[in-house]
Amino acid sequence: LAAWNLWTRAHMSHPSDPLLIYYTDYFRYQLYNVDLRTVPSLLVKNANALLESIGHLLAGPPAFIASASAAAVAATRLAMQTAGLLTLAGWIALARRRGLTVYDTFAGLYVLLLLVWHYPPDERFLFPVMPILLAACWEELVQIAGWLRRRSSAAPAAGAASAALLALWIGLGWNHFFRFLD
């Protein structure tokens, strides 16, 4: 493997055309698109896109978005970003509860790579970490249901909130099941 990498590096072409750079050297293409001045804006843009993509991965992209008003689009984006934040909080709680695994380490480094890459991360880039995101979402839903149960003086309200969270989880799964059948 090392010999192959050395051979390809020695025989690599060094084009100046951005299209050829894209197809021959991803790292050089990254340096072509991102410099130190643009890193802060890139991080903010990619963090927003990452959180929204996590929400879309879990709930599915809304079908009405093409014909929706600007307020509806903004509310949907905020809801998806909130779902993404809650999922990341669940990921942290999950790692604390069971310890850091190799997959957690891979997923964390992968998500960090998505934050600095020149292309905003969307759902397709999250498929390698989808199992941990689903587990983290479930962990956070269970924690929220437990918090509601402990904090609520009325047991029926806690039961209703738990049932609503369970219905949401089932609905997300149902949405994905039928989306992948198309």
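The expected span of a helix is 1.5 Å times one less than its number of residues. I noted this before looking at helix lengths.

**Entry 1. Helix lengths**

The model I am working from is predicted. I started with α5, which covers residues 70-98. It has 29 residues, and its first and last C-alpha atoms lie 42 Å apart, close to the 42 Å expected at 1.5 Å a residue. I repeated the check on α4, residues 39-59. Its 21 residues should span 30 Å at 1.5 Å a residue, and the 30 Å between its end C-alpha atoms therefore agrees.

I also looked at what follows each of these helices. Gly60, just after α4, has a positive phi of about 85°. Gly99, just after α5, has a positive phi of about 90°.

**Entry 2. Overall content and confidence**

I counted elements next and found 9 helices and 0 strands in the chain. Read from the N terminus, the order is α-α-α-α-α-α-α-α-α. The chain has 182 residues, of which 31% count as buried. I then took the contacts between residues at least 6 apart in sequence; 69% of them join residues at least 24 apart.

On confidence, I noted a mean pLDDT of 80 for the chain, with 79% of residues at 70 or more. Among the elements, α6 has the highest mean, 93, and α9, residues 155-181, has the lowest, 58. Over residues 177-182 the pLDDT stays under 50, and the model has 4 contacts beyond four places in sequence for this stretch. Where pLDDT is low, predicted coordinates should not be read in detail. I left that stretch alone after this.

**Entry 3. α4 against α5**

Two packed helices are described by the angle and the distance between their axes. I looked up both for α4 and α5: the axes come within 7 Å and cross at roughly 90°. α4 is therefore roughly perpendicular to α5. The α4 side of the contact consists of Asn48, Leu51, Glu52, Ile54, Gly55, His56, Leu58 and Ala59. From α5, these meet Arg77, Met80, Gln81, Ala83, Gly84, Leu85, Thr87 and Leu88. I sorted the contact of α4 with α5 by class and got 8 nonpolar, 6 polar and 2 charged residues.

**Entry 4. α4 against α6**

I did the same for α4 and α6, the latter being residues 102-116. Their axes come within 7 Å and cross at roughly 125°. Angles of 65 to 115 degrees count as roughly perpendicular, so this pair falls outside that range and is oblique. Leu42, Leu43, Asn46, Ala47 and Leu50 are the α4 residues here, and they meet Val111, Leu114, Leu115 and Val116 of α6. The class count for the contact of α4 with α6 is 8 nonpolar, 1 polar and no charged residues.

**Entry 5. Burial along α4 and α5**

Which residues of α4 are buried? I listed Leu42, Asn46, Ala49, Leu50, Leu51, Glu52, Ser53, Ile54, Gly55, His56, Leu57 and Leu58. For α5 the buried residues are Thr76, Met80, Gln81, Gly84, Thr87, Gly90, Trp91, Ala93, Leu94 and Ala95. I asked what covers the buried residues of α5. The cover includes α4, α6 and α8.

**Entry 6. Thr87**

I picked Thr87 in α5 for a closer look. Its relative accessibility is 1%, and the cut-off for buried is under 20%, so Thr87 counts as buried. Setting aside neighbours within four places in sequence, I found Thr87 in contact with Ile54, Leu58, Leu133, Ala136 and Cys137. Ile54 and Leu58 are also among the α4 residues that meet α5.

**Entry 7. Cys137 and Glu140 in α8**

Cys137, one of the contacts of Thr87, is found in α8, residues 130-151. Its relative accessible area is 11%, so Cys137 is buried. I also checked Cys137 against Trp91: the two are 46 residues apart along the chain, and their C-alpha atoms are separated by 7.5 Å.

Glu140 is in α8 as well. Is Glu140 buried or exposed? With a relative accessible area of 12%, Glu140 is buried. Beyond neighbours within four places in sequence, Glu140 is in contact with Leu86, Ala89 and Gly90. The C-alpha atoms of Glu140 and Ile92 are separated by 9.6 Å, with their positions 48 residues apart along the chain.

Definitions and conventions: Residues are numbered from 1 along each chain as its sequence is written. This is a predicted model: local features need pLDDT of at least 70, side-chain atom pairs count only at pLDDT 80 or more; totals for chains, interfaces and linings use all residues. Side-chain values use heavy atoms; hydrogens and water are left out. Axes are lines fitted to C-alpha atoms, for helices over the stretch in contact, and angles run from 0 to 180 degrees between N-to-C directions. Helices (H or I, at least four residues) and strands (E, at least two) are DSSP runs, numbered from the N terminus. Angles under 35 degrees count as roughly parallel, over 145 as roughly antiparallel, 65 to 115 as roughly perpendicular and the rest as oblique. Contact means heavy atoms within 4.5 Å. Ala, Val, Leu, Ile, Met, Phe, Trp, Tyr, Cys and Pro count as nonpolar, Asp, Glu, Lys and Arg as charged, and the others, Gly among them, as polar. Buried means under 20% relative accessible area, exposed over 50%, partly exposed in between (1.4 Å probe, protein chains only). pLDDT is the predictor's confidence in each residue, from 0 to 100.
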